[in-house]
Protein chains: 2
Amino acid sequence: MPNRPSLTPLIAALPSTVPFVGPEAQERTRSKPFRARIGANESSFGPSPRVIARMADVARDMWMYCDPDNHDLKAAAAIHLGVRPDNIVVGEGIDGLLGLLVRMYVSPGDAVVTSLGAYPTFNFHVAGAGGRLVAVPYDNDRENLSGLLDAVRRENARLVYLSNPDNPMGSWWEADEIEHFIAALPETTMLVLDEAYGELGPASALPAIDANRANVVHMRTFSKAYGLAGLRCGFAVGEAEVIRSFEKIRNHYGVSRMAQIAGLEALADQAYLGQVVAKVDAGRQRIASIAMANGLKPLPSATNFVAMDCGADGAFALKVLQGLLARDVFIRKPMAPGLDRCIRISVGLDHELDTFAEELPGALAAARDG
Amino acid sequence: MPNRPSLTPLIAALPSTVPFVGPEAQERTRSKPFRARIGANESSFGPSPRVIARMADVARDMWMYCDPDNHDLKAAAAIHLGVRPDNIVVGEGIDGLLGLLVRMYVSPGDAVVTSLGAYPTFNFHVAGAGGRLVAVPYDNDRENLSGLLDAVRRENARLVYLSNPDNPMGSWWEADEIEHFIAALPETTMLVLDEAYGELGPASALPAIDANRANVVHMRTFSKAYGLAGLRCGFAVGEAEVIRSFEKIRNHYGVSRMAQIAGLEALADQAYLGQVVAKVDAGRQRIASIAMANGLKPLPSATNFVAMDCGADGAFALKVLQGLLARDVFIRKPMAPGLDRCIRISVGLDHELDTFAEELPGALAAARDG
């Protein structure tokens, strides 16, 4: 007999190891700060000055719980996206919404399809629901649409995850390709279309939102282009009945009042968003130039980061990454076979990209020597 | 054959109706604001001025994700509570942590014990995990410890929920009574000890935290005495192995960076907390006086609200509540049989209690007439 409460069999079987090491944890281990924080695809340009001012104004109001309906933010997002408020659910970032969506549709043993090397937090939530993950390799550094479709049909998948534009490779499909993918999908399979980087790529990469389609949920966030990763706020957009089902299990008071207010102000300042998009584009070009100046091959990107091919295997790219970390430059890299030849550099401030440019040659030389 | 993705059987069976109506939703329906917001047990005194200043200072840093380890906040909370950091997990308020704990320990069909009329959000999470809720009536307006224990043994419950001090009645048990309850609990049953109001009652009501005991989790929050309900931040305190299990399913980047920083500053300003506790005590006395002046019976309270017996049945108390809402005073009331004879008034600012004092006689008269 046990002498303590037993975890459910599902939870007991999950690994205790945690793959989510943040830059702060690395700084604690190193006992010194990074000089460049260009590894988590954050927006170093920060939120809009209007948003910053608004946050300061409302700080004293944080004794009040949030509006559990997220009424005002949903109303503004609905106008922004050309849908109705009942097509939108607001959550604690896309991460939180992915967790809910997985619990809504995945019973233990159900198949879920994703790409090998795609978003690990989605996989974490699938594991937490007891789902059976089926991973399809990337094809030419893009998520393999026909491969994903084959896997969905073969496995009778409940969910299929697709990020467009893609993390960690920065690649994308044009809207018409995504629309063909959606049209070919079984009506009983839900597409989780993660558009976290949607504002940062070509508009032609974003398929129209069809609010009558019951098997597509678009995920959007304030964490990337809007520069509010620290507030945890995102939304899911889909057919009203699908969206209504989130009400059954979501944490109704989960989105902070600060996030609700900041998100509303951020949506209202589209001029600032335009400036960020321009800065991100310039930053991508600069990162690509730095890569080429060092003999590395930058991959095209529709996001706020650039993956670059280090020209050898995963072990080599890992050494380059480690060399950059040792030189106070926080970056990350893809880990899946094939993708792992790359390192991934987020667009940062000019001085951060200066630091990256200064330190990359040394890191490369050390990787070649070591 | 379905022509849309099917919810899991567990989720499909959950009700779509949502019991969480916030004051903002009521204001939208009424088309005018409340003059007194004294219904959600928020702290109208707000967060510490130091916390407000700190939030304003760091608003511009919100482009950075939070530290997923909550390292600094856990370290400070550990010192504050006399435990180790690995005895603490930080979450998106107690609500978020309750959801995780339920998923960790409750499989579909498992019994969970609570009090009839206790925290509905806990019940919501139990339903979301497919648990079988067993509710024990209050006894003399307190949670019935021996009744809960009997139900735990009879049902072989996985979890038992107890709030001390209690919401919605404001009552409490002294620490030694809680400790006897813990000692009598089966080792395999987890006690969820919700101490959200812990700072606001007598210190003698808080049992010592035994970090070696595997079947008790204490829940604490920044939402009540610390005045930060809008930021969503709380923590669970327990044995290290129990706490480690949260890592398996929690949203690692779920707590906002703003909440981490504000929480840290709030813990550091215990002098302000002391001022709030004194104001809450004065407010409770004022509310009790208002009740007695109107012939109602205030219940003793160890929280930031006072339940008052309206001297008749639930239908009458509901009319009193409706009368107050109609007079622009936002309050709530217990709904369970026996408790429902009461209305519940949160401590508010002086002008809010003035408004309550002005409007209560009219609401009572209308209830008696109607």
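**Notebook: a two-chain model and its axis**

I began at the rotation axis and looked up which residue of chain A comes closest to it: this is A:A56, whose C-alpha lies at 2.1 Å. Before going further I note that the model is predicted, and that the predictor gives the complex an ipTM of 0.97 and a pTM of 0.97. For chain A, I read a mean pLDDT of 97, with 99% of the residues of the chain reaching 70 or more.

**Symmetry**

I then looked up how the copies superpose, and found that a turn of 180 degrees, with a shift of 0.0 Å along the axis, lays chain A on chain B with an RMSD of 0.0 Å. The two copies are therefore related as by a two-fold rotation axis. I also checked whether the same surface serves both copies, and it does, since 100% of the contact residues of chain A recur in chain B.

**The contact between the chains**

How many residues does each chain bring to the contact? I find 74 residues from chain A and 74 residues from chain B. On the side of chain A that touches chain B, I list α2 (23-30), α3 (49-58), α5 (93-105), α9 (240-245) and α10 (257-268), each of which supplies at least two residues. Of that side, the largest share comes from α5(A), which gives seven residues. By character, I record the residues of this side of chain A as 32 nonpolar, 24 polar and 18 charged.

**A helix pair in chain B**

Next I turned to chain B, where I looked up helix α5 (residues 93-105) and helix α6 (residues 120-128), whose axes come within 9 Å and cross at roughly 35 degrees. I asked whether the crossing of α5(B) and α6(B) is left-handed or right-handed, and noted it as right-handed. From α5(B), the residues that take part are B:D95, B:L98, B:G99 and B:V102, and they meet B:T121, B:F122, B:H125 and B:V126 of α6(B). I sorted the residues of this contact into four nonpolar, three polar and one charged.

**A glycine after α13**

My last entry concerns A:G370, which I located in the segment after α13 (350-369) of chain A. Is A:G370 buried or exposed? I count A:G370 as exposed, because it has 9 C-beta neighbours inside 10 Å, and the cut-off for an exposed residue is 12 or fewer. I also looked up its separation from A:K319: the two residues are 51 residues apart in sequence, while their C-alpha atoms are 8.1 Å apart in space.

Note on methods. Residues numbered from 1 in each chain as written. Chains lettered and ligands numbered in written order. Predicted model: local features only at pLDDT ≥ 70, side-chain atom pairs only at ≥ 80, totals over all residues. pLDDT = per-residue confidence, 0-100. Least-squares fit on C-alpha atoms with pLDDT ≥ 70 in both. Contact = placed C-beta atoms within 7 Å. Helix = DSSP H or I, 4+ residues; strand = E, 2+ residues; numbered from the N terminus. Buried ≥ 20, exposed ≤ 12 C-beta atoms within 10 Å, placed from the backbone. Axes fitted to C-alpha atoms, helices over the stretch in contact; angles between N-to-C directions. Left-handed = near helix turned anticlockwise from the far one by under 90°. Nonpolar A, V, L, I, M, F, W, Y, C, P; charged D, E, K, R; others polar.
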